[in-house]
Amino acid sequence: MKAWAFVHSPHGVAAAGPAGELWQPSVRVPPGDIKGAAGAGDALAASTIAFLSFGMPLSEALLRATINATSVTRHVGAHAGLLTRDEIEQDRKSTRLNSS
């Protein structure tokens with residue numbers, strides 16, 4: 001991987017790089033469950049890098065990173081809601097994504 005650009009929003013994450021483009025929809029969350037966005041972008045970036053370092057394809061890394069970032073939005077503060085790798089894998093089984 002040479003270089004990638006990422007843009008994230010409440011709707012999902014767009015990635016563009018040497019291998020093409022990728023869209024990862026956001027996780028479906030009832031509006032009342034969102035407590036704040038502080039730290040969500042950092043969780044997304046750090047989780048993406050972590051899962052890529054485990055040798056995961058970008059599409060799978062972004063899915064897991066999105067799950068972790070979404071968990072952060074359900075809490076107040078930048079660190080509350082961060083998930084462990086095992087918690088992310090468990091949540092992945094029941095995660096529902098927004099339509100792309």
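# A walk through the structure

Asn98 touches Pro25, Ser26, Val27 and Arg28, leaving aside residues up to four places away in sequence. This is a good place to begin a walk through the model, which is a predicted one. Asn98 sits in the segment after helix H3. With a relative accessible area of 27%, Asn98 is partly exposed, because that value falls between the 20% limit for buried and the 50% limit for exposed. Leu62 lies 36 residues from Asn98 along the chain, and the C-alpha atoms of the two are separated by 14 Å.

Leu62 is a handy link to the interior of the model. In soluble globular proteins, nonpolar side chains tend to be buried together. Here, the largest nonpolar core has 10 residues: Val13, Ala15, Ala40, Ala43, Leu44, Leu58, Leu62, Ala65, Ala69 and Val72. Three elements each give two or more residues to this core: strand S2 (12–17), helix H1 (40–53) and helix H2 (58–73). Of these, H2 gives the most, with five residues. For a close look at one member, turn to Ala43, which touches Asn68, Ala69, Val72 and Leu82 when residues up to four places away in sequence are not counted. There is also a second, separate core, with eight residues, including Val27, Met56, Ala61 and Ile67. You have already met Val27 as one of the residues that Asn98 touches.

Now let us look at how the helices meet. Two packed helices are described by the angle between their axes and the distance between the axes. For H1 and H2, the axes come within 8 Å and cross at roughly 150°. Since an angle over 145 degrees counts as roughly antiparallel, H1 is therefore roughly antiparallel to H2. The crossing of these two helices is right-handed. On the H1 side, the residues that meet H2 are Ala40, Ala43, Leu44, Ser47, Thr48, Phe51 and Leu52. On the H2 side, the partners are Leu58, Ala61, Leu62, Arg64, Ala65, Thr66, Asn68, Ala69, Val72 and Thr73. Sorted by class, this contact has 11 nonpolar, five polar and one charged residues.

Ser47 is worth a pause here. This residue belongs to helix H1, and it counts as buried because its relative accessibility is 6%, under the 20% limit. Apart from neighbours within four places in sequence, Ser47 is in contact with Ala65 and Asn68. Ser47 and Arg85 are 38 residues apart in sequence, and their C-alpha atoms are 9.1 Å apart in space.

Arg85 brings us to helix H3, which covers residues 85–92. The axes of H2 and H3 come within 10 Å and cross at roughly 100°. An angle from 65 to 115 degrees counts as roughly perpendicular, so that is how H2 and H3 lie to each other. The contact uses Leu63, Arg64, Ile67 and Asn68 from H2, together with Ile88, Glu89, Asp91 and Arg92 from H3. By class, there are three nonpolar, one polar and four charged residues in the contact of H2 with H3.

Arg64 appears in both of these helix contacts: with H1 and with H3. Is this residue of helix H2 buried or exposed? Arg64 counts as buried, because its relative accessibility is 6%. Neighbours within four places in sequence aside, Arg64 is in contact with Phe51, Met56, Ile88, Glu89 and Arg92. The C-alpha atoms of Arg64 and Ser94, which are 30 residues apart along the chain, are separated by 12 Å.

Finally, let us visit two residues in the strands. Gln24 is found in strand S3 (residues 20–25). At 8% relative accessibility, Gln24 counts as buried. Which residues does Gln24 touch, not counting residues up to four places away in sequence? They are Gly12, Val13, Ser59, Leu62, Leu63, Thr66 and Leu97. Among them, Val13 and Leu62 are members of the largest nonpolar core.

Val13 also leads to His8, whose place is in strand S1 (residues 5–9). With residues up to four places away in sequence left out, His8 touches Val13, Gly41 and Leu44. His8 and Ala45 are 37 residues apart in sequence, yet 9.7 Å apart in space, C-alpha to C-alpha.

Key. Residues numbered from 1 in each chain as written. Predicted model: local features only at pLDDT ≥ 70, side-chain atom pairs only at ≥ 80, totals over all residues. Heavy atoms only, no water. Core = buried A, V, L, I, M, F, W, Y, C linked by side-chain atoms within 4.5 Å. Buried < 20%, exposed > 50% of the residue type's maximum accessible area, 1.4 Å probe, protein only. Helix = DSSP H or I, 4+ residues; strand = E, 2+ residues; numbered from the N terminus. Contact = heavy atoms within 4.5 Å. Axes fitted to C-alpha atoms, helices over the stretch in contact; angles between N-to-C directions. Parallel < 35°, antiparallel > 145°, perpendicular 65-115°, else oblique. Nonpolar A, V, L, I, M, F, W, Y, C, P; charged D, E, K, R; others polar. Left-handed = near helix turned anticlockwise from the far one by under 90°.
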